[in-house]
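Biologist: Please take a close look at one part of this model, the acidic residue at position 74 and its surroundings. Then work outward from there.

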Amino acid sequence: MELGMIGLGRMGASMVERLLRAGHRVVVHDMNPAAVAKVVCQGAVGALNHPRLCAELAPPRAIWLMVPAGEPVDQTIQSLMPQLRPDDTILDGGNSNYKDSLRRAAALNAKQLHFVDVGTSGGIWGLTEGYSLMVGGETQVVERLKPVFQALAPAPDKGWGHVGPNGAGHFAKMVHNGIEYGLMQAYAEGFALMRRKIEFQLNLHQIAEIWRDGSVVRSWLLDLISKALRENPDLTGIQPYVDDSGEGRWTVFESIDLDVSAPVITLSLLERLRSRDRESFAAQLLAMMRHQFGGHPLKKEG
């Protein structure tokens, strides 16, 4: 099977390599010519622009987008529109908001085109481990593209599935990332607590290794924690600034809209936001209030 791929960041390039290994023909385009050249050396077909990419594919064409969520997705679709023909399919494998996916699907369907939203998890490890794919779209279209999903997944029958109609794939990925926030926060707090218990002089890497086998908290995230602690036990040089991709926020908004209590995910998101407040006026005000009502001492800066 053949597929167009637009967007060759680390994840997109790894996906192309995995597809090539499975024997698929992949036509690629990226704004960075060096990224295109790299995968062309592996067997992909390079395209200088969107018209050339579409011309290299036989109808009905399938074009997978791995571009940043939001306006870049809409701009890419608009750029492709003059070259698309009825029954062609656009797949969005990025972290788009599922509401945007519903809008895009409706707009494309009105022009007899198809849209498939693919919540994709696996990061840079997907090349060797396979990608977890949550697929939303029309049943017949997903079935047609099944060989692509099977090639990208950990196994043809594992790690991927058609989870529902348009929007369902990105909705499932949104919730997946919200859960990820909570898991990461729990690990971070636990290891911080052990590090603070100075009198025990706990070896955090050793404990992570112990937990990796047999423990109920073993996971891939724990594997990554163990690797990080082995290489840099004190996390020297790492700033305590935690970014977020936006999906944690969307999960919290959705929990409010659906009246579903999600305190762990919500607090995990708030902790990420707190990490960016290098000069916390709120914390300063809290300290001042404690001083005012209880006479608690104030710690002065430097």
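Modeller: Here is the close view of D74, followed by the sheet, the cores and the side-chain pairs.

This is a predicted model, so local features need pLDDT of at least 70 and side-chain atom pairs count only at pLDDT 80 or more, while totals for chains, interfaces and linings use all residues. Residues are numbered from 1 along each chain as its sequence is written, and side-chain values use heavy atoms, with hydrogens and water left out.

Start with D74. The residue sits in helix α4, residues 71–80. Helices (H or I, at least four residues) and strands (E, at least two) are DSSP runs, numbered from the N terminus. D74 is buried, at 17% relative accessible area. Buried means under 20%, exposed over 50%, and partly exposed in between, with a 1.4 Å probe and protein chains only. Leaving out residues up to four places away in sequence, D74 touches R103 and R104. Contact here means heavy atoms within 4.5 Å.

With R103, the D74 side chain forms a salt bridge at 3.2 Å, N to O. The pair links distant parts of the chain: D74 is in helix α4 and R103 in helix α5 (residues 98–109), 29 residues apart. The term salt bridge requires a side-chain nitrogen of Lys or Arg within 4 Å of a carboxyl oxygen of Asp or Glu. R103 is partly exposed, at 41% relative accessibility, whereas D74 is buried.

Two other salt bridges can be set beside this pair. K227 and E231 meet at 3.0 Å, N to O. Both lie in helix α11 (residues 220–231), four residues apart, about one turn of the helix. K227 is partly exposed at 33%, and E231 is exposed at 53%. Back at D74, salt bridges that share partners join D74, D92, D100, R103 and R104 into one network. The other pair is E247 with K173, at 3.6 Å, N to O. E247 lies in helix α12 (residues 247–257) and K173 in helix α9 (residues 168–196), so the pair ties together parts that are 74 residues apart in sequence. E247 is buried at 0% relative accessibility. K173 is buried too, at 4%. The structure holds 19 salt bridges.

Now the sheet. Eight strands form an open sheet in the order β3-β2-β1-β4-β5-β6-β7-β8, with mixed pairing. The edges are β3 (45–46) and β8 (160–164); each has a single partner strand, so one side of each is left without a neighbour in the sheet. Two strands pair if DSSP finds at least two bridges between them. Strand β7 (residues 132–136) runs parallel to β8, and four bridges join them. One bridge partner is G161 in β8, matched with M134.

Helix α1 (residues 10–21) packs on the sheet, touching β1 (2–6), β2 (25–29), β4 (62–65) and β6 (114–121), and its direction makes about 165 degrees with that of β1. The helix that holds D74, α4, lies across β1, β4, β5 (89–92) and β6, at about 155 degrees to β4. Axes are lines fitted to C-alpha atoms, for helices over the stretch in contact, and angles run from 0 to 180 degrees between N-to-C directions.

Next, the cores. The largest nonpolar core has 31 residues; M5, V16, V28, W64, L91 and F149 touch the most other members. A second, separate core of 19 residues includes I6, A47, V73 and L80. A nonpolar core is a set of buried Ala, Val, Leu, Ile, Met, Phe, Trp, Tyr and Cys residues joined through side-chain atoms within 4.5 Å. V16 is in contact with M5, L8, V26, V28, V39 and A44, leaving aside neighbours within four places in sequence.

Last, the rings. There are five aromatic pairs. In W125 and W220, the ring centres are 6.4 Å apart and the planes at 90 degrees, so the pair is edge-to-face. Rings of Phe, Tyr and Trp (its six-membered ring) pair if their centres lie within 6.5 Å; planes under 30 degrees apart count as stacked, over 60 as edge-to-face and the rest as tilted. W125 is partly exposed at 35%. W220 is partly exposed at 41%. F191 and W211 are also edge-to-face, 5.5 Å centre to centre with 65 degrees between the planes. Ring pairs also link W64, F149 and W160 into a cluster.
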